[in-house]
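Hi,

Here is the model I promised to pass on. Have a look, and my notes follow underneath.

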Amino acid sequence: MTVGRWLLFIVLGIFVAYFLTPLYVMVITSLKSLDDIRMGGMMSLPTEITFDPWIKAWNSACVGIQCEGLNGYFWNSVKIAVPAVLISTILGALNGYVLTKWRFRGADIVFALMLFGCFIPFQVVLMPMARMLGFLGVAGTIPGLVLVHVVYGIGFATLFFRNYYVTIPDELVKAATIDGAGFFTIFWRIMLPLSVPIIVVTVIWQFTQIWNDFLFGVSFSAGGGQPITVALNNIVNSSTGVKEYNLDMAAAMIVGLPTFLVYVFAGRYFIRGLTAGSVKG
Amino acid sequence: MLRWLQNNLPRIVLAPSLVAVAVFVYGFIIWTAYVSMTSSKLLPRYDFAGLLQYEKLWSMPRWYVALENLFVFSGLFIFFCMALGLLLAIMLDQRIRLEGALRTIYLYPMALSFVVTGTAWKWILNPGLGVEKMVRDLGFESFEFNWLVDPDMAIYTIVIAGVWQSSGFVMAMFLAGLRSIDSEIIKAAHMDGASLPRIYLGIIIPSMSPVFFSTFVVLGHLAIKSFDLIVVLTGGGPGYATDMPATFMYAMAFQRGRIGISAASATIMLMTVMAVVVPYLYSELRKKDND
């Protein structure tokens with residue numbers, strides 16, 4: 001191997017350390033007792049491994065004045081993410097299908113209008129949305145947040161499916177129409193069976209976005225109905241009592257685990273969504 | 001009737017989404033823009049007060065701090081993300097055997113919530129027990145690293161965490177761009193005796209300008225919207241030293257009860273994003289038509 005090659009591997013290795021060190025620090029800190037944290041260094045291994053911070057984070061950590069741990073908030077996030085992902089993906093698939101295979105005058109303008117919705121800074125809709133949720137009687141509830149995530153997820157879901165369906169030959173649809181198949185038959189029998197990869201990409205993208213959301217969660221939820229990211233922030237930034245860093249780290253890892261696992265097992269699809277979401281076309 | 005239904009079925013299927021976007025995106029934008037021109041304070045009032053709220057906004061020192069932070073943050077964030085991302089992409093492009101594994105490691109922060117990574121960095125950067133203590137324990141007793149609580153330096157901690165989170169994404173974009181370049185051209189340049197750095201600087205990087213442009217747009221967009229990371233890492237503090245437009249808007253709307261000013265700041269954010277995104281979307285949509 002040449003010197004240049006060695007240098008390349010050393011630099012690559014330094015970056016591996018750069019990206020993994022925070023994860024390493026999180027893991028070991030979450031397994032230490034508070035005394036251990038005060039005595040040892042940030043990077044040193046625990047003298048004795050304890051799972052208490054994890055148990056406490058799940059069962060009895062204080063979020064605001066309630067000390068019941070993260071588990072309720074974890075299920076809140078599941079109850080928000082699952083319906084919101086399903087509905088926005090179904091709508092995205094139907095929209096993409098209409099915009100590519102049943103084109104009508106103005107279809108491109110409709111698509112451009114939807115696409116633009118992906119790019120607005122959400123600050124501009126926060127206040128009217130809060131009023132709208134109140135008007136609909138779902139302010140501070142989980143169905144309210146599902147609605148918010150569906151509405152602002154349609155744009156990306158439509159974008160993914162549209163760009164995918166463009167690559168499916170129109171002849172397929174035309175042939176089916178001649179055979180007498182209708183709108184939904186074609187969608188169900190021809191398009192959907194071909195859509196598995198893009199469904200996976202969309203579901204993963206939407207799930208990651210919705211699970212990781214903080215802005216909508218903190219703006220539109222209240223009391224025990226908050227998503228887990230908001231609960232984590234409340235734990236980390238509570239000003240009362242001793243700062244329990246081991247608890248903070250365990251809680252952060254519980255919040256990060258679902259999307260982390262999705263990334264580890266389906267990273268290929270995650271990256272496709274990431275690059276498709278930014279390089280349009 | 002049935003015939004009409006059948007003929008218009010595609011439009012009927014599209015209608016709910018279109019109505020949702022019309023109301024929840026465009027209707028809401030109009031509402032916010034309108035409220036920014038009223039005299040609303042704690043509750044929205046539907047009168048007309050011209051640019052009153054904008055005048056108030058531009059007379060608030062806190063708004064200037066937020067804007068200055070946005071400039072500092074987005075400048076450094078975009079620069080370092082681009083530099084690191086390009087470096088990583090070029091290195092991974094050298095036929096590395098472990099490329100898949102390395103790519104996975106470089107990109108994983110992108111899958112995590114900013115709330116999660118913010119929590120981690122808050123702990124690493126905390127002056128009492130984090131990096132500062134670690135270096136002191138190594139024997140440098142007078143070492144100081146308290147940026148997190150220093151009003152002048154706290155904004156840079158957000159840059160550190162933001163770059164760590166997002167540079168892997170830039171790498172993925174650039175790597176995809178590098179892979180799409182015609183390898184014949186590179187081979188030809190190689191045959192002509194051009195060195196590797198010259199090939200990259202002279203041929204490859206210039207031909208990736210569309211990728212640079214879209215990466216720039218996405219990063220700029222991320223920077224303007226950054227909210228979670230600031231709330232978790234510094235809470236906008238110390239004081240309001242690390243406020244940015246997104247946190248400013250939120251504080252005015254939901255904590256201070258100053259709806260008019262909040263709407264004015266949100267409108268300015270929207271216009272800033274539009275100035276970047278609209279030409280970009282336009283060129284992307286045009287490009288596809290010409291293909």
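Is helix 8 of chain B largely enclosed by the rest of the structure or exposed, and why? Largely enclosed, because 21 of its 26 residues are buried (20 or more other C-beta atoms within 10 Å of a residue's own, with 12 or fewer counting as exposed and anything in between as partly exposed; C-beta atoms are placed from the backbone).

Before the rest, some housekeeping: this is a predicted model, in which local features need pLDDT of at least 70 and side-chain atom pairs count only at pLDDT 80 or more, while totals for chains, interfaces and linings use all residues. Residues are numbered from 1 along each chain as its sequence is written, and chains are lettered from A and ligands numbered from 1 in the order in which they are written.

Back to helix 8 of chain B, residues 154–179. A kink of about 35° is centred on B:S166 (the angle between axes fitted to the seven residues ending there and the seven starting there). The end C-alpha atoms are 38 Å apart, which agrees with the 38 Å expected for 26 residues at 1.5 Å a residue (1.5 Å times one less than the number of residues).

Chain A has 13 helices and zero strands (DSSP runs numbered from the N terminus: H or I of at least four residues for helices, E of at least two for strands). Its C-alpha atoms fill a box of roughly 75 × 65 × 30 Å along the principal axes, and buried residues make up 46% of its 281 residues.

Now the contact between the chains: 70 residues come from chain A and 76 residues from chain B (contact is C-beta atoms, placed from the backbone, within 7 Å). On the chain A side, helix 13 (residues 245–276) gives the largest share, 15 residues. That side divides into 51 nonpolar, 17 polar and two charged residues (Ala, Val, Leu, Ile, Met, Phe, Trp, Tyr, Cys and Pro are nonpolar, Asp, Glu, Lys and Arg charged, and the others, Gly among them, polar).

The largest nonpolar core has 166 residues, and A:V124, A:L232, A:A251, A:A252 and B:F174 touch the most other members (such a core is a set of buried Ala, Val, Leu, Ile, Met, Phe, Trp, Tyr and Cys residues joined through C-beta atoms within 7 Å). Helix 7 of chain A (residues 142–165) supplies the largest share of this core, 15 residues. Leaving out residues up to four places away in sequence, A:A251 touches A:A57, A:A61, A:L70, A:L232 and A:I235.

Cheers

Conventions:
Contact = placed C-beta atoms within 7 Å.
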